[in-house]
Amino acid sequence: MKVAIAAKPQTASNDFAEFVGQHTDGLLTTAYLLTRDRDRAQELLQDVLVRLYPHWHKVAAAESPVAYVRRSVVNRFLSQRKRRLELVTDRVPERSDPGDGDRLLDRDQLRRMLATLPERQRAALVLRFFYDYPDARIAEAMGCRVGTVRSLISRALASLRATRSSEHELRGEHR
């Protein structure tokens, strides 16, 4: 007599593992854009996923689990800024594969310029220009008002313009 083994229903841990497998790259990119450091980005994302795992059934039931986790990454990043200590090392950071040289220079220049911004301004710019979020969605993700988002973005862009103008002046270039 053969006993039929019923198929195991997909559990929360299977759902979680599937989600992580499908969305880690995109979420890690978000974390990297916020932290500017590959190791810190991995730690940030891991910390968020560890915190969300016990409540995964709620996250999975959300309208957009990816947006929920992305918001959690941004919130965790912003909440850690007060407790963070920068570690200065003699190790040169790893670089991504250099494709087009000009594009790489532009990306590096943009990363350096973003690094000069306060973290809330940087987070607002990442959500606006990398994810194309509208002001209301950025405000929701950052836990602030729409007016605050507009102010953060305006100040950040003004700062980036000033930084870019200063770099051109230092090189003796005319715009």
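**Figure 1. Asp132, the residue that follows helix H6, in the predicted model.** Helix H6 is followed by Asp132, whose phi is positive, near 60°. The model shown here and in the other figures is predicted. Asp132 has this positive phi of about 60° although it is not a glycine. Asp132 sits in the loop that runs between H6 and H7. With a relative accessibility of 62%, Asp132 counts as exposed, because the limit for that class is over 50%.

**Figure 2. Helix H6 and its buried residues.** How many of the 12 residues of H6 are buried? The number is 9, so H6 is largely enclosed by the rest of the structure. The buried residues are Glu119, Gln121, Arg122, Ala123, Ala124, Leu125, Val126, Leu127 and Arg128. The list includes Leu127, which is also among the four residues that touch the most other members of the largest nonpolar core. The length of H6 can be checked as well: at 1.5 Å a residue, its 12 residues should span 16 Å, and its end C-alpha atoms are 15 Å apart, which agrees.

**Figure 3. Helices H4 and H6 side by side.** The axes of H4 and H6 come within 10 Å and cross at roughly 165°. An angle over 145 degrees counts as roughly antiparallel, and H4 and H6 are therefore roughly antiparallel to each other. H4 passes H6 in a right-handed crossing. On the H4 side, the residues that meet H6 are Val74, Phe77 and Leu78. Their partners in H6 are Glu119, Arg120, Arg122, Ala123 and Leu127.

**Figure 4. Helices H2 and H4.** H2 and H4 pack at an angle of about 115°, and their axes are 10 Å apart. The crossing of these two helices is right-handed. From H2, the contact is made by Arg40, Leu44, Leu45, Asp47, Val48, Leu49, Arg51 and Leu52. From H4, it is made by Tyr68, Val69, Ser72, Val73, Arg76, Phe77 and Gln80. Phe77 of H4 also takes part in the contact with H6.

**Figure 5. Helices H4 and H7.** The axes of H4 and H7 come within 8 Å and cross at roughly 60°. That angle makes H4 oblique to H7. Ala67, Arg71, Val74, Asn75 and Leu78 of H4 are in contact with Arg137, Glu140, Ala141 and Met142 of H7. Val74 and Leu78 appear again in the meeting of H4 with H6.

**Figure 6. The largest nonpolar core.** This core has 40 residues, and the members that touch the most others are Val69, Leu127, Ile138 and Met142. Helices H1, H2, H3, H4, H5, H6, H7 and H8 each supply at least two residues of the core. Which helix gives the most to this core? H4 does, with 7 residues. In soluble globular proteins, nonpolar side chains tend to be buried together. Met142 has contacts with Val74, Asn75, Leu78, Arg120, Ala123, Ala124, Leu127 and Leu152, leaving aside its neighbours within four places in sequence.

**Figure 7. Asp135 in helix H7.** Asp135 lies in helix H7. Is Asp135 buried or exposed? Its relative accessible area is 15%, and because the limit is under 20%, Asp135 is buried. Not counting residues up to four places away in sequence, Asp135 touches Arg128, Val146, Val149, Arg150 and Ile153. Arg128, one of these partners, is itself a buried residue of H6.

**Figure 8. Two loop residues, Arg36 and Tyr53.** Arg36 is in the loop between H1 and H2. The phi of Arg36 is near 65°, a positive value in a residue other than glycine. At 31% relative accessibility, Arg36 counts as partly exposed. Tyr53 lies in the loop between H2 and H3. Tyr53 is partly exposed, with a relative accessible area of 40%. Tyr53 and Ala17 are 36 residues apart in sequence, and their C-alpha atoms are 9.8 Å apart in space. Beyond its neighbours within four places in sequence, Tyr53 is in contact with Ser13 and Phe16.

**Figure 9. The protein as a whole, for orientation.** The protein has 8 helices and 0 strands. Buried residues make up 31% of its 175 residues. Among contacts between residues at least 6 apart in sequence, 63% join residues at least 24 apart.

Notes
Residues are numbered from 1 along each chain as its sequence is written. This is a predicted model: local features need pLDDT of at least 70, side-chain atom pairs count only at pLDDT 80 or more; totals for chains, interfaces and linings use all residues. Side-chain values use heavy atoms; hydrogens and water are left out. A nonpolar core is a set of buried Ala, Val, Leu, Ile, Met, Phe, Trp, Tyr and Cys residues joined through side-chain atoms within 4.5 Å. Buried means under 20% relative accessible area, exposed over 50%, partly exposed in between (1.4 Å probe, protein chains only). Helices (H or I, at least four residues) and strands (E, at least two) are DSSP runs, numbered from the N terminus. Contact means heavy atoms within 4.5 Å. The expected span of a helix is 1.5 Å times one less than its number of residues. Axes are lines fitted to C-alpha atoms, for helices over the stretch in contact, and angles run from 0 to 180 degrees between N-to-C directions. Angles under 35 degrees count as roughly parallel, over 145 as roughly antiparallel, 65 to 115 as roughly perpendicular and the rest as oblique. A crossing is left-handed if the near helix is turned anticlockwise from the far one by less than a right angle, and right-handed if clockwise.
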